[in-house]
Every structure is written in structure tokens, then in C-alpha cells.
Amino acid sequence: MSVDNEQFMRECLSLARTAKERGDSPVGSILVRNGEIIARGIEGGKAHKDITYHAEIEAIRQARTLLNTSDLSDCIMYTTHEPCIMCAYVIRHHRIPTIVMGLTTGDIGGASSAYPLLKDAGITKWGTPPQLISGVLEAECRALHD
């Protein structure tokens, strides 16, 4: 496992702690471009009373504003949890080529559920599915749920 993956996942863990402290699910996400964090997302569905405030979507919104483009194909997403089905759609739409995650989430996961949008190669408009790297600081990510 790369030192960079662990370093960036530690930033996600910090964001996830913030989410947990304010009563949201402990999820934090970042987008990295050229080795630099360009966007951060903190889970906020409960805080904002809006289910679309998932950490991954928040990071994507921030990156789109910063870069003024919907093409995020030169970014890597790091997130404490496997992106859900909703987030998977948004990730694929923005062509993020690599997703590094701590935990998989099973039945609602964008890769591990019955609806694996992150792996689906049949939607040609989205191009090649992203590379998925899981288990980065998995124990630390899991501990946030205690």
C-alpha cells in the first residue's frame, strides 16, 4: 500500500470525524490532482437535511467549482467508505479514473452491491470503469462506527 494512499486517507478520516461529531455518518472524501488535495467533502445529509450531501458529491461539487469543468479525469478520489449507488453515478459522470476507499458497504455500494455502477463497462458514454482500491486504513475507517 502506498504511503500517499495512507496519507490521503488520513485526511478523509479527519473529515469523517467532523461528520460524526455533528451527527452524520462518518464519511470523508477528497479529490487529489497532481498529488495535491483540491477538494474535500464531509458527509452532511442530516446536517443539511438533504440526502445529496454525501461526502463524495460534496468533494466533486467543490472540485467542479475550482476547476470550472465537469471532467475530473485527472483526479483521484479518496473516501472512507465505498461510494453508494448515487455517488457512483456522479463519479462515473465526471470520469474520475481511480477510487481509493477504506471500507466496502455491501448492499448500497456502488461496486459491491447488486447495482455495481462503478464496475459497469456497458454504459459506453461513461468510458472505462474506474480502478478501485479498497481496504486502505480499513481498521481506522471501521473504528469510526464504534
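In which loop does His 54 lie? In this predicted model, His 54 is placed in the loop that runs between helix α2, residues 45–48, and helix α3, residues 55–67. The residue has a relative accessibility of 13% and, because this falls under the 20% limit, His 54 counts as buried. A polar atom of the His 54 side chain lies 3.4 Å from the backbone oxygen of Ile 51. When neighbours within four places in sequence are left aside, the residues in contact with His 54 are Glu 43, Cys 84, Met 86 and Cys 87. Of these contacts of His 54, Cys 87 belongs to the buried residues of helix α4, an element considered further below.

The chain as a whole contains 5 helices and 5 strands, which are arranged along the sequence in the pattern α-β-β-α-α-β-α-β-β-α. Its radius of gyration is 14 Å, close to the 15 Å that the globule rule gives for 146 residues, and the chain is therefore as compact as a globular protein of that length. Taken along the principal axes, the box filled by the C-alpha atoms is roughly 40 × 35 × 35 Å. Buried residues make up 45% of the 146 residues in the chain. Among contacts with a separation of 6 or more, 59% are accounted for by residues 24 or more positions apart. The accessible surface of the chain comes to about 7300 Å², and carbon and sulfur atoms contribute 50% of that area. The chain carries 15 positive and 18 negative charges, and the mean positions of the two sets are 4 Å apart.

Within strand β3, which spans residues 75–81, attention falls on Met 77. Met 77 has a relative accessibility of 0% and so counts as buried. Although Met 77 and Ile 99 are 22 residues apart in sequence, their C-alpha atoms are 4.9 Å apart in space. Beyond its neighbours within four places in sequence, Met 77 is in contact with Ile 30, Leu 31, Glu 56, Ile 60, Ile 91, Ile 96, Thr 98, Ile 99 and Val 100. Among these contacts of Met 77, Glu 56 and Ile 60 carry numbers within the range of helix α3, residues 55–67, while Thr 98, Ile 99 and Val 100 carry numbers within the range of strand β4, residues 98–103.

Helix α4, residues 85–93, has Cys 87, Ala 88, Val 90, Ile 91 and Arg 92 as buried residues. The elements that cover the buried residues of α4 include α3, β3 and β4, and one of the buried residues, Ile 91, is in contact with Met 77 of strand β3. Tyr 89 is also located in helix α4 but, with a relative accessible area of 45%, Tyr 89 is partly exposed. Apart from neighbours within four places in sequence, Tyr 89 is in contact with Leu 117 and Trp 126. The C-alpha atoms of Tyr 89 and Pro 130, which are 41 residues apart along the chain, are separated by 12 Å.

Backbone geometry was also examined. In general, most residues other than glycine have a negative phi. Asn 68, which is not a glycine, nevertheless has a positive phi of about 55°. Asn 68 is situated in the loop between α3 and β3, and its relative accessibility of 70% is the reason why Asn 68 counts as exposed. A positive phi is likewise found for Arg 95, near 60°, in the segment that follows α4. Leu 137, a further residue other than glycine, has a positive phi near 50°. Leu 137 lies in the loop between strand β5, residues 131–133, and helix α5, residues 138–143. In contrast to the exposed Asn 68, Leu 137 has a relative accessibility of 7% and therefore counts as buried. The C-alpha atoms of Leu 137 and Ala 111 are separated by 18 Å, the two residues being 26 residues apart along the chain.

How values were computed
Residues are numbered from 1 along each chain as its sequence is written. This is a predicted model: local features need pLDDT of at least 70, side-chain atom pairs count only at pLDDT 80 or more; totals for chains, interfaces and linings use all residues. Side-chain values use heavy atoms; hydrogens and water are left out. Helices (H or I, at least four residues) and strands (E, at least two) are DSSP runs, numbered from the N terminus. Buried means under 20% relative accessible area, exposed over 50%, partly exposed in between (1.4 Å probe, protein chains only). A polar contact is a pair of N or O atoms within 3.5 Å; within protein, one must be able to donate a hydrogen and the other to accept it, and residues adjacent in sequence count only if both atoms are side-chain atoms. Contact means heavy atoms within 4.5 Å. The radius of gyration is taken over C-alpha atoms; the globule rule is 2.2 Å times the number of residues to the power 0.38. Accessible areas come from the Shrake-Rupley method with a 1.4 Å probe; for residues, only the protein chains shown count as cover. Lys and Arg count as positive and Asp and Glu as negative; His and the chain ends are not counted. The place of a charge is taken as NZ of Lys, CZ of Arg, CG of Asp or CD of Glu.
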